[in-house]
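Have a look at the sequence and the model below. The notes that follow walk through helix packing, overall form, the chain contact and a few odd backbone spots.

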Amino acid sequence: MLEIIGKLVLVAAAFALLPLLVGQAEHKVMAHMQGRLGPMYAGGFHGWAQLVADGVKFAQKEDVVPRDADRWVFKLAPGVALVPYLLVLTVVPIGPGGQVALDLGAGVFFALAVMGVGVIGAIMAGWASANKYALLGGIRVAAQLMSYELPMVFAASSAAMAAGTLSLQGIVGEWRWWWLPWQAVGAVVFFVAGLAELRRPPFDMPVADSEIIFGPYTEYGGLRFALFILAEYAGIVVLCALTTVLFLGGWKGPFLNTELGWLWTLIKVAVLAFCVIWLRVSYPRMREDQLQKLAWTWLVPLSLAQLALTGVLKVAFA
Amino acid sequence: MSGQEIVFTLLGVVAVGSGIMVVTTRRLVHAALWLVLSFGALAGGYVVLTAEFVAWVQVLIYVGAVVVLLLFGIMLTRAPIGDSADLDSGNRWAAAAVAAATAAVLVTVMVMGFRDERMPLRAGGGSAGELGASVFRTWVLPFEVLSVLLLASLVGAIVLSRTGIGPGRGPGSGEGDG
């Protein structure tokens, strides 16, 4: 019992800390890639305290609910967007031998199912704001989720098929280096579909500022807005952690897997998070029709081909 | 009552209560959101009965896909904020009678079939492995028949949504294409 509580405290700490680190890294990486400095003075070293200052600013702001909004749904939406990512983190293993808060038998499906619930938060926000830009954003969020959920589940199923188990611990346990070429297509599809589900650039059509201001979050301010932003960064952490566990061998590194497993996991998550930020800086936003086309004419067929390849090789070498 | 039974009963109350809210609320989007709660409670019930895999698939498909599709449809057409007066139908009593009769039939079947029989819960009894084994060994024929049904509805959806199918309409329609 004490062990479980300790693990849950660790998960909560990771949930509080890692998204902020990703957020800070995004400020700095974007600044350097675009040849500008960004905030450099707060806190002294490279402006590290700017994030804290931003947090204080958000907390001080007035809590505004538009007059015509649906109050309950409007207030509930940030929580619905954020909490699912916390739940997913509890099943992600960071090291071998029980270094996971909850070892579920069907961990892959738990993670994917709960991640999908988070998107309902954005849809709720889009509807409840009583604002046409927010509503358009909400529609785009829903359309995007429906197209990209399918390839994401297919790609994750491919990793589960290769391992012969649905447990996230079990999948990492079965992972070998030759999964990298074998599951490469699945890994790319999973990562891309995950980015789309998180509405990260280049898939940020739902929050396209040049057309619909900030999509579902247009009417939000203060702490509730901060919660949505936090949910986005928590989503990046969760997506990178799931990609690491399913396709990149989780805690398996070049040496000392048992002792340093958690470190390998964190390094892989950090590298993937860097790639997420990198993609934001380098790619322009995709149009709605391009988004849908990418999902249905590329990702779905590719993930089906990956499933077939996994099945054939699994039977051939079983 | 054991702890499991108490949790199961509470989840059942939530599922039925939110189900009633779905059909009685006067706000269209609220109905879809109450449905989320109802499906969630149902998934919780599956977990209590050790059917872990069914529970997560329930959340993935019904909450993650069906409700999102519903919300998408509502938002695409009207998305009214506040009460909708036209949500009340004159058929409400007939609908209530049909619902009560269906519930009565289901409850009668359950009572007649099982009486007060009790089945012990086995940890892992509803795991993905057990489920796969029984679906693809014992129940493989019904499973395949279901897939034909799904295929038929897929074809039906395409026929309904595509315009320009049929004789003499649209650019690509020649003789004999169906």
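In this predicted model, helix 1 of chain A goes past helix 11 of chain A in a right-handed crossing. Helix 1 covers residues 2–33 and helix 11 covers residues 257–282, and their axes sit 10 Å apart at an angle of about 45 degrees. An angle counts as roughly parallel under 35 degrees and roughly perpendicular from 65 to 115, so helix 1 and helix 11 of chain A are oblique to each other.

Who touches whom here? On the helix 1 side you'll find A:Val22, A:Ala25, A:Glu26, A:Val29, A:Met30 and A:Met33, and they meet A:Ala273, A:Phe274, A:Ile277 and A:Val281 of helix 11 of chain A. Sorted by character, the residues of this contact are nine nonpolar, no polar and one charged.

Now for a pair in the other chain. Helix 1 (residues 3–24) and helix 2 of chain B cross at roughly 160 degrees, and their axes come within 8 Å. Anything over 145 degrees counts as roughly antiparallel, which is why helix 1 of chain B is roughly antiparallel to helix 2 of chain B. The crossing of these two chain B helices is left-handed. Among the residues making the contact are B:Phe8, B:Leu11, B:Gly12 and B:Gly19 from helix 1 of chain B, with B:Trp34, B:Leu35, B:Gly44 and B:Gly45 among those from helix 2 of chain B. The residues of that contact split into 14 nonpolar, seven polar and no charged.

Here are the two pairs in one place.

| Helix pair | Crossing angle | Axis distance | Citation |
|---|---|---|---|
| Helix 1 and helix 11 of chain A | about 45 degrees | 10 Å | |
| Helix 1 and helix 2 of chain B | roughly 160 degrees | within 8 Å | |

Stepping back to the fold of chain A, there are 12 helices and zero strands. The C-alpha trace of chain A spans about 60 × 45 × 45 Å along its principal axes. Chain A has a radius of gyration of 20 Å, which agrees with the value near 20 Å for a compact globule of 318 residues. Buried residues account for 48% of the 318 residues in chain A. Of the contacts in chain A with a separation of 6 or more, 78% join residues 24 or more positions apart.

How many residues does each chain bring to the contact between chain A and chain B? Chain B puts in 24 residues and chain A puts in 28. On the chain B side, helix 2 (28–48) and helix 3 are the elements that give two or more residues. Helix 3 of chain B gives the most, with 16 residues. The chain B side divides into 20 nonpolar, three polar and one charged.

A few loops deserve a closer look. The peptide bond from A:Pro201 to A:Pro202 is cis, with omega near 5 degrees, and A:Pro202 lies in the loop between helix 8 (184–198) and helix 9 (209–212) of chain A. A:Ile213 isn't a glycine, yet its phi is positive at about 60 degrees. A:Ile213 lies in the loop between helix 9 and helix 10 (222–247) of chain A, and it is partly exposed because 16 other C-beta atoms lie within 10 Å.

B:Arg115, another non-glycine residue, has a positive phi near 50 degrees. Its place is the loop between helix 4 and helix 5 (128–138) of chain B. Is B:Arg115 buried or exposed? With 7 other C-beta atoms within 10 Å, B:Arg115 is exposed. B:Asp88 sits in the loop between helix 3 (52–77) and helix 4 (92–114) of chain B, and its 9 C-beta neighbours inside 10 Å make it exposed.

Note on methods: Residues are numbered from 1 along each chain as its sequence is written. Chains are lettered from A and ligands numbered from 1 in the order in which they are written. This is a predicted model: local features need pLDDT of at least 70, side-chain atom pairs count only at pLDDT 80 or more; totals for chains, interfaces and linings use all residues. Axes are lines fitted to C-alpha atoms, for helices over the stretch in contact, and angles run from 0 to 180 degrees between N-to-C directions. Helices (H or I, at least four residues) and strands (E, at least two) are DSSP runs, numbered from the N terminus. A crossing is left-handed if the near helix is turned anticlockwise from the far one by less than a right angle, and right-handed if clockwise. Two residues are in contact if their C-beta atoms, placed from the backbone, lie within 7 Å. Ala, Val, Leu, Ile, Met, Phe, Trp, Tyr, Cys and Pro count as nonpolar, Asp, Glu, Lys and Arg as charged, and the others, Gly among them, as polar. A residue is buried if 20 or more other C-beta atoms lie within 10 Å of its own, exposed if 12 or fewer, and partly exposed in between; C-beta atoms are placed from the backbone. The radius of gyration is taken over C-alpha atoms; the globule rule is 2.2 Å times the number of residues to the power 0.38.
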